[in-house]
Amino acid sequence: MEFVELNNGVRMPILGYGTFQITDEQECERCVLDAIEIGYRLIDTAQAYGNEAAVGKAIKKCGIPREELFVTTKVWISNAGYEKAKKSIEESLARLQLDYLDLLLVHQPFNDYYGTYRAMIEAYKEGKVRAIGVSNFYPDRLIDLIKFNEVVPAVNQVELHPFFQQVEARKIMKKYGVQAQAWSPFDQGRNNLFENEPLQAVGKKHGKTSAQVALRFLIQEDIVVIPKTVSKQRMLENFTVFDFELDDEDMNRIRGLDTGKSSFFSHYDPEIVERFTSFAR
Ligand SMILES: NC(=O)c1ccc[n+]([C@@H]2O[C@H](COP(=O)([O-])OP(=O)(O)OC[C@H]3O[C@@H](n4cnc5c(N)ncnc54)[C@H](OP(=O)(O)O)[C@@H]3O)[C@@H](O)[C@H]2O)c1
């Protein structure tokens with residue numbers, strides 16, 4: 001496993017396991033146990049995924065020392081604001097059966113995320129969280145949050161895959177020492193990512209699949225990736241990305257796949273903002 005060093009010195013695995021949309025409790029527990037058995041040490045969950053308890057059960061059972069794992073969760077919009085966020089952090093810890101989190105993120109830049117962030121700084125200072133960060137913060141809100149808080153977010157988890165490479169946003173993150181982390185590194189299979197011709201061609205050259213090439217590309221761009229799969233075989237496939245290297249020609253070819261546009265939604269679209277803010281109730 002390779003690691004990145006966050007802006008507070010904490011080491012974070014560059015490859016982890018994402019648990020979004022694995023809502024069945026037994027299935028989620030099985031998936032996380034399989035992922036840990038294969039070698040994943042970073043597990044990414046969120047209050048909004050409804051699976052923190054299942055993730056916690058798997059962590060409890062897995063037999064790997066706590067300090068070797070890296071557990072991330074995120075405060076949801078409905079828990080925004082200092083008091084609610086503070087309470088929700090305790091609830092997440094209880095559901096996960098953990099004394100501390102490795103990384104805690106503001107899930108979305110909506111509602112009172114300043115209050116949320118203050119509660120997170122407090123938890124960080126109390127040792128309940130080793131690093132704090134944000135998710136889905138585009139340069140405008142990211143810079144604003146950085147300018148008016150004493151702790152610079154260690155991580156910004158954003159949509160990031162070969163079709164949406166966030167080149168400009170990553171420059172801003174780098175400028176302020178914020179580690180980029182890719183959500184949906186496979187674009188959830190949209191736009192035929194797994195059958196994409198250039199990804200397949202590069203894969204053929206290295207004896208690898210499109211999925212492995214996509215992850216390797218992001219890793220070589222110094223981006224932390226958290227692919228999700230419920231299949232143990234695909235967990236292994238996605239984990240086996242440290243035994244080959246993309247050359248400049250490969251990297252440039254994949255850089256050429258960037259459309260500069262989200263495959264999901266824009267955080268600047270008023271309808272999307274209305275939808276997200278409605279989650280506050
Ligand atoms: N912060 C946020 O707002 C946010 C938003 C979205 C996601 N996330 C995080 O990022 C993680 C990953 O993103 P994601 O789950 O949205 O999507 P993803 O990892 O880009 O793609 C997952 C999809 O790809 C399939 N898949 C995985 N490996 C494969 C392989 N080797 N070959 C073929 N198909 C494969 C999976 O199907 P099977 O499961 O059937 O294999 C699933 O349909 C999430 O789990 C979550 O932890 C965060």
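**Helix packing, unusual backbone angles and the ligand shell**

User: So α1 and α2 are oblique to each other in this predicted model. At roughly what angle do their axes cross?

Analyst: Happy to walk through it! Two packed helices are described by the angle between their axes and the distance between the axes. For α1 and helix α2 (residues 52-61), the axes come within 8 Å. Oblique covers angles from 35 to 65 degrees, among others, and the pair fits there because its axes cross at roughly 40 degrees.

User: Which residues of α2 make the contact with α1, and how many of the contact residues are polar?

Analyst: The crossing itself is right-handed. On the α1 side the contact is made by E25, C28, E29, V32, L33 and I36, and on the α2 side by A54, V55, K57, A58 and K61. By class these residues divide into 7 nonpolar and 4 charged, and the number of polar ones is: none.

User: Let's move to α3 and α4. How far apart are their axes?

Analyst: Helix α3 (residues 82-96) and helix α4 (residues 113-125) pack at an angle of about 45 degrees. α3 and α4 are therefore oblique to each other, and their crossing is right-handed. The distance between the two axes is 7 Å.

User: How many charged residues does the contact of α3 with α4 have?

Analyst: From α3, the contact uses Y82, A85, K86 and I89. From α4 it uses G115, T116, R118, A119, M120, E122 and A123. Sorted by class, there are 6 nonpolar residues and 2 polar ones, and the charged count is 3.

User: Is Q21, with its positive phi, buried or exposed?

Analyst: Most residues other than glycine have a negative phi, and most peptide bonds are trans. Q21 is not a glycine, yet its phi is about 70 degrees. Its place is in the loop between β3 (16-18) and α1 (25-38). Q21 has 12 C-beta neighbours inside 10 Å, and because 12 or fewer is the cut-off, Q21 counts as exposed.

User: And S184, is that one buried or exposed?

Analyst: S184 also has a positive phi, near 50 degrees, without being a glycine. You will find S184 in the loop between β9 (179-183) and α7 (197-206). There are 23 other C-beta atoms within 10 Å, so with a threshold of 20 or more S184 is buried.

User: What class of exposure does R41 have?

Analyst: R41 lies in the loop between α1 and β4 (42-44). Beyond its neighbours within four places in sequence, R41 is in contact with M1, P13, E68, L69 and F70. R41 has 19 C-beta neighbours inside 10 Å, which falls between the limits of 12 and 20, so R41 counts as partly exposed.

User: Which residues does Y49 contact, leaving aside its neighbours within four places in sequence?

Analyst: Y49 sits in the loop between β4 and α2. With 21 C-beta neighbours inside 10 Å, Y49 counts as buried. Leaving aside those sequence neighbours, the residues in contact with Y49 are T19 and F20.

User: Finally, the ligand: which residues come nearest?

Analyst: The shell has 9 nonpolar, 12 polar and 5 charged residues. Its largest share, 3 residues, comes from helix α9 (residues 232-239). Of the 26 residues around the ligand, those that come nearest are G18, F20, F186, K228 and T229.

Note on methods: Residues numbered from 1 in each chain as written. Predicted model: local features only at pLDDT ≥ 70, side-chain atom pairs only at ≥ 80, totals over all residues. Axes fitted to C-alpha atoms, helices over the stretch in contact; angles between N-to-C directions. Helix = DSSP H or I, 4+ residues; strand = E, 2+ residues; numbered from the N terminus. Parallel < 35°, antiparallel > 145°, perpendicular 65-115°, else oblique. Left-handed = near helix turned anticlockwise from the far one by under 90°. Contact = placed C-beta atoms within 7 Å. Nonpolar A, V, L, I, M, F, W, Y, C, P; charged D, E, K, R; others polar. Near = placed C-beta within 6 Å.
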